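Reader: Could you take a close look at the aromatic rings in this structure for me? I would like to know how they pair and what sits around them.

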Amino acid sequence: VQLQAFGGGLVQPGGSLRISCAASGSIFRVNTMGWYRQAPGKPRDLVATITRGAITNYADSVKGRFTISRDNAKNAVYLQMNSLKPEDTAVYYCNAQVVTSSYGVYDKWGQGTLVTVSS
């Protein structure tokens with residue numbers, strides 16, 4: 001089972017960006033999915049999570065600006081980021097609790113996608 005993230009890049013302050021992540025492999029079900037980020041020299045922090053039933057949770061720093069969503073049929077999670085600030089610059093990692101077709105449960109991480117907010 002793998003998670004692969006897409007969509008990072010360079011955006012100006014105040015701009016928007018959408019990043020995506022999809023799980024692939026021998027999957028029975030994907031439970032909670034989420035996004036975390038790590039800025040240079042800082043620990044990896046929670047950005048947002050979403051349960052299979054679409055209950056969401058956000059870090060205070062992104063509430064009202066970021067929206068997490070998912071597509072259960074595609075085993076995918078998305079993060080719409082609006083009103084971006086330079087302090088949002090980080091490598092963004094997707095995370096998912098995956099139940100495999102053999103009913104193993106694994107906490108999986110994607111490879112990270114860099115988001116740079118700069119003029």
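**Aromatic rings**

Author: Happily! Let us begin with one ring: phenylalanine 28 has a relative accessibility of 45%, so it counts as partly exposed (buried is under 20% relative accessible area, exposed over 50%, partly exposed in between, with a 1.4 Å probe and protein chains only). This is a predicted model, where local features need pLDDT of at least 70, side-chain atom pairs count only at pLDDT 80 or more, and totals for chains, interfaces and linings use all residues. Residues are numbered from 1 along each chain as its sequence is written, and side-chain values use heavy atoms, leaving out hydrogens and water.

There are 2 aromatic pairs in the structure (rings of Phe, Tyr and Trp, the last by its six-membered ring, pair if their centres lie within 6.5 Å; planes under 30 degrees apart are stacked, over 60 edge-to-face, the rest tilted). Phenylalanine 28 forms an edge-to-face pair with tyrosine 103, at 5.1 Å centre to centre and 70° between the planes. Phenylalanine 28 belongs to strand β4 (residues 27–38) and tyrosine 103 to the loop between β9 (90–100) and β10 (105–109), so the pair ties together parts 75 residues apart in sequence (strands are DSSP runs of E, at least two residues, numbered from the N terminus). Tyrosine 103, at 57% relative accessibility, counts as exposed.

Tyrosine 36 and tryptophan 109 make an edge-to-face pair, with ring centres 5.1 Å apart and planes at 65°. Here tyrosine 36 in strand β4 is linked to tryptophan 109 in strand β10, 73 residues apart. Tryptophan 109 is partly exposed, at 35% relative accessibility.

Arginine 44 lies over the face of tryptophan 109, 4.7 Å from the ring centre (a charge sits over a ring if NZ of Lys or CZ of Arg is within 6 Å of the ring centre and within 35 degrees of the ring normal). Likewise, arginine 18 lies over the face of tyrosine 78, at 4.2 Å from the ring centre.

Note on methods
Helix = DSSP H or I, 4+ residues; strand = E, 2+ residues; numbered from the N terminus.
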